[in-house]
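I set out to record, entry by entry, what I looked up in this structure. The entries concern helices, cysteines and a helix pair.

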Amino acid sequence: MDSLLQKELPEIVSNGAFGKNVEYVSFELNENQVGQSQYMSTVLFGTVITSDESKYHVVVKLKLRDEKMREKVKIDIQFHNEITMYERVIPFLFQFHRSTPDVGDCPTLPRYFYGRNKCGEFIEKDLVILEDANQLGYKLCEERLFIDYDHLIIALQALAKFHGLSYIAKHKDHDHLRKIVMDIRETVFNEDGTWKFKNGSLIRFSKRGVDRLLERSGDLYRDNEDLRQFNELFIDDGFKSLRSTLVPREPFSVVCHGDFNRNNILFRYDETGLPVDVLLFDFGTPRYGSPALDISFFLYMNTTQNLRESRWDDLLNAYCLTLKEFVPPGVRVPNRAELDFEMSACTLFGFSNASFFVPHEFDSNKTHKEGMSDEETLEWLLQLGGDAGTDLVADMVQHIVDMKYTNVLRS
């Protein structure tokens with residue numbers, strides 16, 4: 001991998017990725033962070049040195065060498081989307097922010113240097129080069145599963161600003177925004193229209209939580225009308241309901257991050273250890289749709305049941321307030337009541353992903369065995385986290401029912 005970069009970087013630098021009229025001098029690999037194979041890609045850290053004596057601390061994303069895994073998680077599509085976001089969508093959104101008076105500070109994103117996604121026989125040379133934000137003082141939250149209120153608030157404020165860019169752009173040039181987001185490719189559904197998980201997985205992920213909720217609180221929920229509606233929407237017709245959450249509806253659709261979670265957020269801290277800024281990265285699964293797609297996924301992935309019950313209103317209010325303060329007067333954004341409707345209409349997206357990922361992260365030491373069939377894989381997933389993982393899914397179901405997020409008309 002290091003040799004690949006030594007061959008490719010001179011041309012990339014010469015073509016202007018690191019500024020005009022400079023040439024490549026060297027690439028120094030950070031041995032302490034080399035070769036971090038992640039779920040979606042292999043990541044290298046290092047420093048590019050150019051002929052004007054500039055040093056650029058970078059993170060280089062390369063595609064997984066496992067062909068089956070690349071196809072399964074749609075790596076080629078994710079690289080396409082990330083490059084599209086950095087080269088077309090984000091610059092379009094930022095240009096309106098820069099030209100609009102009386103708006104707040106822009107959300108923080110890493111600098112993008114270069115991306116290539118030729119695929120096929122060139123797949124081993126495909127890469128994305130970004131600024132290494134660790135060198136700017138940003139780092140992942142140390143909490144492994146759930147994050148505390150301070151981190152949640154500042155992350156939602158950053159998300160509100162990111163969504164606010166879309167509202168400003170729509171106000172200025174809605175037609176062009178809709179045109180450029182058409183180049184974002186689908187990652188949730190397969191080419192045949194099926195969900196990325198097979199064998200009735202959405203039904204079985206949901207049923208895992210429903211059964212446990214009835215087991216521990218049957219007297220309260222067995223005849224509950226909202227739980228009945230949950231079963232109707234999430235289990236009886238879950239696939240259709242999931243698709244409906246992803247259909248853009250105006251006037252509130254935005255460019256969504258698509259995977260807004262603590263593993264795709266870096267925090268910068270003050271001297272007391274409090275988070276003071278947030279950097280968003282990893283734009284491989286964006287989409288144009290309701291802001292509640294990002295919000296519901298983030299909150300169900302990163303909050304405990306106790307925090308949801310005690311601070312849910314505070315979290316959503318913080319998002320709405322930041323959004324309102326970020327955009328200039330006259331730009332239409334959802335108020336709290338309208339956001340509540342969006343949450344009701346789109347919570348299935350957050351739950352469908354969190355019901356899989358939360359138990360998986362809770363039991364992250366268990367690895368998938370090679371050669372498992374789709375059914376064996378699904379059974380393995382349903383066992384992850386054991387009883388504690390099942391309780392976490394039941395907690396999500398209980399919250400969705402208690403919030404009456406199933407009480408929305410769907411076409």
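A helix here is a DSSP run of type H or I with at least four residues, and helices are numbered from the N terminus. I note at the outset that the model I consulted is a predicted one.

**Entry 1: Lys-7**

I looked up the place of Lys-7 and found this residue in helix α1, which spans residues 2-14. Is Lys-7 buried or exposed? Lys-7 has a relative accessible area of 68%, and the cut-off for exposed is over 50%, so I entered Lys-7 as exposed. I then took the distance between the C-alpha atoms of Lys-7 and Ile-147, which is 41 Å. Along the chain, Lys-7 and Ile-147 are 140 residues apart.

**Entry 2: Cysteines**

How many disulfides does the structure hold? I recorded zero. I examined Cys-106 to see why this residue has no such bond. The closest cysteine sulfur to that of Cys-106 belongs to Cys-256 and lies 17 Å away. A disulfide requires two cysteine sulfur atoms within 2.5 Å, so the sulfur in Cys-256 is too far from Cys-106 for a bond. I also noted the accessibility of two cysteines. Cys-106 is partly exposed at 23% relative accessibility, whereas Cys-141 has a relative accessible area of 11% and is buried.

**Entry 3: Helices α8 and α10**

I next considered helix α8 (residues 291-302) and helix α10 (residues 336-362). Their axes come within 6 Å and cross at roughly 40°. Because angles under 35 degrees count as roughly parallel and 65 to 115 as roughly perpendicular, I entered α8 as oblique to α10. The crossing of α8 past α10 is right-handed. On the side of α8, residues in the contact include Leu-293, Ile-295, Phe-297 and Tyr-300. On the side of α10, Met-343, Cys-346, Phe-349 and Phe-357 are among them. I sorted the residues of this contact by kind and obtained 13 nonpolar, four polar and two charged.

**Entry 4: Arg-308**

My last entry concerns Arg-308, a residue of helix α9 (residues 305-326). Is Arg-308 buried or exposed? The relative accessible area of Arg-308 is 3%, and buried means under 20%, so I recorded Arg-308 as buried. Which residues does Arg-308 touch, not counting those up to four places away in sequence? I listed Leu-299, Tyr-300, Thr-303, Asp-395, Met-396 and His-399. Finally, I noted that Arg-308 and Ser-241 are 67 residues apart along the chain, with 24 Å between their C-alpha atoms.

Definitions and conventions:
Residues numbered from 1 in each chain as written. Predicted model: local features only at pLDDT ≥ 70, side-chain atom pairs only at ≥ 80, totals over all residues. Heavy atoms only, no water. Helix = DSSP H or I, 4+ residues; strand = E, 2+ residues; numbered from the N terminus. Buried < 20%, exposed > 50% of the residue type's maximum accessible area, 1.4 Å probe, protein only. Axes fitted to C-alpha atoms, helices over the stretch in contact; angles between N-to-C directions. Parallel < 35°, antiparallel > 145°, perpendicular 65-115°, else oblique. Left-handed = near helix turned anticlockwise from the far one by under 90°. Contact = heavy atoms within 4.5 Å. Nonpolar A, V, L, I, M, F, W, Y, C, P; charged D, E, K, R; others polar.
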